[in-house]
Amino acid sequence: MQTNDEPGLRRRLGVAGSVAIGLAAMIGSGVFVVFAPAAAAAGDGLLLGLGLAALIAFCNATSTAALAARSPHAGGAYVFGRERLGDWWGYAAGWSFLVGKTASCAAMALVFAAYVAPAGTERLIAALAAAVVACVSIAGITRTRAVASVLVAIVLGILLVVILSPFAAGPPLLPPVDIGDAGLYGVLQSAGLLFFAFAGYARIATLGEEVRRPAQTIPTAIVISFAVALTVYALVAVAALSTLGAARLADSTAPLADVVSRNGWSWAVPLVTIGAAIATLGALLALIPGIGRTSLAMARTGDLPHGLARIDGRFGTPARAEALVAALVIVVVLVADVRGVIGFSSFGVLLYYLVANLSALRMTPGERLYPRAFALVGAAGCVVLVATLPLASVLAGTAVLAIGLVIRLLTVSGRRRRAH
């Protein structure tokens, strides 16, 4: 995926560092943001939505792990799609990833500002946070790994407080699982929103060119980070539902703070607020490098301007690509709404994983690490979840995807005319 005269990225990440970056993307992007809109969609069927999202995410994770082990290059499903399905499929995956994850970055920056910024300064603080995190990311993957490891450890400790707080008044009692008025559609919509919280393992695949012993490290790191995140999500969901109930959870603007407060642990509310801010910064720190590496891969093949393929000689990172990502995120935070971008992000990421699963179906029996049925379930699940996302998210996502395809069509046509 790179020409002979272009320097490659340096392989510096082991299993622990890869897991830290994957967890930073997942824990921050989900647990403090997505349970309220998911509860609004599914009601007391929230745990069913979480289970369905986890199943589809697990199938996607196995497809991603197997493909990344065979093709450990920057770019993830953009590279897999080009290699296994063709250039247009790869481009659709890469474009969907870029726009979806840029929206995710904006959501994380806005959530951070919502917790820490004085009233009226939220968008400015969100923009500054994006700029600072981008500088850390540009400074090198080892610095990113070190900071991500510290942030993940702090956040997991704070989430443990949330998980334990319902036990202050005795064993927590969950309401019965009942889809009720939400119906199957509501459960599926909640699963599509909750999928937003699981997609962080893609960061490991997009960093494949910087991982040591990728055939072993990537699958191991993806499975470990997914298992830890799922356990945390399930325990937090139980704590939230048993404490607040689905209706209060759906209406809450700070659900985890409300959980500890309602359980009589008011001393922990500032702690949870700090944890939310740290988690969102960790997610942002994990997301920006992944988008930068996908931009790098697309620039190497001419699907983005070739200047974005340059590797900084001092830091060994695609500095131009990451700077552009930061600039786009700053633009989005100035106009975006947090809940609105979650659905939009899920649309883009689900299409990205659809291409990954279809690519995994093209693997030969000797290449596969997992049963072919996993990729089939993952692909079907992506299609179903996209179809049940909020209509505004589907329409916006479809429009942006169409714009990207038109851009490539014009680019390819221009190349052909110049060649003749």
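Are Tyr91 and Trp95 buried or exposed? Select both residues: Tyr91 is buried, and Trp95 is buried as well, where buried means under 20% relative accessible area, exposed means over 50%, and partly exposed covers what lies in between (1.4 Å probe, protein chains only). Keep in mind that this is a predicted model, in which local features need pLDDT of at least 70 and side-chain atom pairs count only at pLDDT 80 or more, whereas totals for chains, interfaces and linings use all residues. Residues are numbered from 1 along each chain as its sequence is written, and side-chain values use heavy atoms, with hydrogens and water left out.

**Aromatic rings**

Stay with Tyr91 and Trp95, which form a stacked aromatic pair with 6.1 Å from centre to centre and 15° between the planes. Rings of Phe, Tyr and Trp (its six-membered ring) pair if their centres lie within 6.5 Å, and planes under 30 degrees apart count as stacked, over 60 as edge-to-face and the rest as tilted. Both residues sit in helix α5 (residues 87-116), and being 4 residues apart there, they are separated by about one helical turn. Helices are DSSP runs (H or I, at least four residues), numbered from the N terminus.

By the ring rule, the count comes to 6 aromatic pairs. Select Phe58 and Phe226 next: their ring centres are 5.9 Å apart and their planes stand at 50°, so this pair is tilted. Phe58 lies in helix α3 (residues 46-70) and Phe226 in helix α10 (residues 214-251), so the pair ties together parts that are 168 residues apart in sequence. Phe58 counts as partly exposed, at 31% relative accessibility, whereas Phe226 counts as buried, at 6%. Add Phe374 to the selection, and you have one aromatic cluster formed by Phe58, Phe226 and Phe374.

**Along helix α3**

Now colour the whole of α3, which has 25 residues and reaches 36 Å from its first C-alpha to its last, close to the 36 Å expected at 1.5 Å a residue; the expected span is 1.5 Å times one less than the number of residues. Of the 25 residues of α3, 18 are buried, so this helix is largely enclosed by the rest of the structure.

**Charged side chains**

Side chains of opposite charge can pair when their charged atoms come close. A salt bridge is a side-chain nitrogen of Lys or Arg within 4 Å of a carboxyl oxygen of Asp or Glu, and by this rule the count comes to 5 salt bridges.

Which residue forms a salt bridge with Arg70? The partner is Glu367, with the closest N and O atoms 3.8 Å apart. Arg70 lies in helix α3 and Glu367 in the loop between α14 (338-361) and α15 (372-387), so the pair ties together parts that are 297 residues apart in sequence. Glu367 is buried, with a relative accessible area of 15%.

Keep Glu367 selected and add Arg84, which forms a salt bridge with Glu367 in which the closest N and O atoms are 2.9 Å apart. This pair links distant parts of the chain, since Arg84 is in helix α4 and Glu367 in the loop between α14 and α15, 283 residues apart.

Move on to Asp303 and Arg82, whose side chains meet in a salt bridge (3.4 Å, N to O). Here too distant parts of the chain are linked, with Asp303 in the loop between α12 (269-300) and α13 (319-333) and Arg82 in helix α4 (residues 77-84), 221 residues apart. Asp303 is buried, with a relative accessible area of 11%. Widen the selection to Arg82, Asp87, Asp303 and Arg408, and you see residues that are linked in a network of salt bridges.

Arg408 also lies over the face of Trp88, at 4.7 Å from the ring centre; a charge sits over a ring if NZ of Lys or CZ of Arg is within 6 Å of the ring centre and within 35 degrees of the ring normal.

**Two last stops**

Select Leu23, whose place is in helix α1 (residues 15-30) and which is buried, with a relative accessible area of 6%. Leu23 and Ala153 are 130 residues apart in sequence and 9.9 Å apart in space, C-alpha to C-alpha.

Finish at Ala392 in helix α16 (residues 391-419), which counts as exposed at 59% relative accessibility. From Ala392 to Gly343 the separation is 49 residues in sequence and 8.3 Å in space, C-alpha to C-alpha.

How values were computed: Helices (H or I, at least four residues) and strands (E, at least two) are DSSP runs, numbered from the N terminus.
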